[in-house]
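I opened a new notebook page for this structure and meant to look things up one at a time. The entries below keep the order in which I went through them.

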Amino acid sequence: MTQSYPMRRRHGFTLIETIVTVGIIAVLAAFVVPTVIQKAGVGDPVKVQNDLNTVRTGLETYATDSKAGFPHLLFDLTAKPTAVTSTLIDSTAMTTNQVAKWNGPYMSATITNVAGDSMATGYTAYMMNFLDRYDITANVPEHKTNGQDSTGFSKTNTLFGAIQIHGLTLAQGIALNTLIDGASDASAADSSNTTGRLRYGHPALGQIASAYYLASPITP
């Protein structure tokens with residue numbers, strides 16, 4: 001004779017239990033989420049600084065190997081350039097001999113050979129693919145953000161190879177500048193920064209149109 005067992009009913013959560021549980025989770029989230037976001041944001045300026053240092057090291061090694069100076073595109077640090085089609089920062093074409101001396105890759109990154117391409121970094125900022133010559137005497141890049149030549153730029157002044165950075169707020173720019181150039185070089189609110197390695201123009205509505213990191217001096 002088959003023995004039968006009584007069925008057990010499984011009770012679900014009551015409405016009160018559900019409301020209490022959701023309330024507890026909401027209270028915990030109110031404390032935990034802001035802390036996590038804040039801690040994540042703390043590493044952003046360090047991330048930007050590290051990425052800029054990586055590019056600077058790549059540029060300097062590239063220049064040493066090729067004996068040609070800096071490339072026009074960061075892409076040329078990740079993939080071997082080609083003669084004639086690849087250009088240097090001064091817009092001259094690379095020679096076959098210079099290309100042959102390429103011993104990269106000098107940087108691990110995913111980027112194309114399109115000048116308008118960019119690489120993401122800390123915050124929501126990004127570094128433009130093309131490098132620009134920066135005149136530290138006149139404190140202007142060779143080209144404006146719209147591609148036009150800058151007034152006052154002179155190739156006979158002291159020049160640096162500069163990485164253009166977009167997407168920084170003024171507060172982020174000040175934090176990054178303090179990290180790179182020290183607290184004594186930090187700019188005040190709503191003012192430009194014209195000294196040190198990180199430079200940017202007068203911000204508008206708390207946003208920096210473009211910042212420039214002076215990676216390395218350009219040897220005449």
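What follows are my notes on a predicted model, from the overall make-up down to single residues.

**Entry 1: the whole chain**

I began with the overall layout and noted that the protein has 5 helices and 6 strands, which follow the pattern α-α-α-α-β-β-β-β-α-β-β when read along the sequence. I then looked up burial and found that, of the 220 residues of the protein, 36% count as buried. For contacts between residues at least 6 apart in sequence, I wrote down that 52% join residues at least 24 apart.

**Entry 2: two helices that pack**

At what angle do α2 and α5 pack? I found an angle of about 55 degrees for α2 and helix α5, which spans residues 170-181, with the two axes 9 Å apart. That angle makes α2 oblique to α5, because roughly parallel would need an angle under 35 degrees and roughly perpendicular one of 65 to 115. The crossing of α2 and α5 is right-handed.

I also listed who makes the contact: Pro-45, Val-46, Val-48, Gln-49 and Leu-52 come from α2, while Leu-176, Leu-179 and Ile-180 come from α5. Sorted by class, the contact of α2 with α5 has 7 nonpolar residues, 1 polar residue and no charged ones.

**Entry 3: two residues of α2**

Staying with α2, I looked up Asp-51, which is placed in this helix. Is Asp-51 buried or exposed? Asp-51 has a relative accessible area of 16%, and it counts as buried because the cut-off for buried is under 20%. Leaving out residues up to four places away in sequence, I found that Asp-51 touches Ala-120, Thr-121, Gly-122 and Met-127.

Ser-66 is also found in helix α2, and at 3% relative accessibility Ser-66 counts as buried. Setting aside neighbours within four places in sequence, I noted that Ser-66 is in contact with Gln-98 and Lys-101. I compared positions for Ser-66 and Thr-95 as well: they are 29 residues apart in sequence, and their C-alpha atoms are 9.9 Å apart in space.

**Entry 4: backbone details in loops**

Next I turned to the backbone and looked up Lys-67, which lies in the loop between α2 (44-66) and α3 (75-78). The phi of Lys-67 is near 55 degrees, a positive value in a residue other than glycine. Lys-67 is exposed, with a relative accessible area of 61%.

I made a similar note for Asn-139, in the loop between β2 (126-135) and β3 (140-141), where phi is near 60 degrees, again a positive value in a residue other than glycine.

Which form does the peptide bond from Gly-104 to Pro-105 take? I found that this bond is cis, with omega near 5 degrees, and that Pro-105 sits in the loop between α4 (96-100) and β1 (118-120).

**Entry 5: aromatic rings**

How many aromatic pairs does the structure hold? I counted 3 aromatic pairs. In one of them, the rings of Trp-102 and Tyr-106 have their centres 5.5 Å apart and their planes at 85 degrees, so this pair is edge-to-face. Both Trp-102 and Tyr-106 are buried.

I then looked at Tyr-134 and Tyr-212, which form a tilted pair, with 5.4 Å from centre to centre and 50 degrees between the planes. Because Tyr-134 lies in strand β2 and Tyr-212 in strand β6 (residues 211-217), the pair ties together parts that are 78 residues apart in sequence. Tyr-134 counts as buried at 4% relative accessibility, and Tyr-212 is buried too, with a relative accessible area of 6%. I added that Tyr-62, Trp-102 and Tyr-106 form one aromatic cluster.

**Entry 6: a residue after the strand β6**

My final look-up was Ile-218, placed in the segment after β6. At 24% relative accessibility, Ile-218 counts as partly exposed. Not counting residues up to four places away in sequence, Ile-218 touches Phe-70, Ile-89, Arg-133, Leu-159, Phe-160 and Gly-161. For Ile-218 and Gly-161, I noted that they are 57 residues apart along the chain, while their C-alpha atoms are separated by 6.2 Å.

Conventions: Residues numbered from 1 in each chain as written. Predicted model: local features only at pLDDT ≥ 70, side-chain atom pairs only at ≥ 80, totals over all residues. Heavy atoms only, no water. Helix = DSSP H or I, 4+ residues; strand = E, 2+ residues; numbered from the N terminus. Buried < 20%, exposed > 50% of the residue type's maximum accessible area, 1.4 Å probe, protein only. Axes fitted to C-alpha atoms, helices over the stretch in contact; angles between N-to-C directions. Parallel < 35°, antiparallel > 145°, perpendicular 65-115°, else oblique. Left-handed = near helix turned anticlockwise from the far one by under 90°. Contact = heavy atoms within 4.5 Å. Nonpolar A, V, L, I, M, F, W, Y, C, P; charged D, E, K, R; others polar. Phe/Tyr/Trp six-rings, centres within 6.5 Å; stacked < 30°, edge-to-face > 60°.
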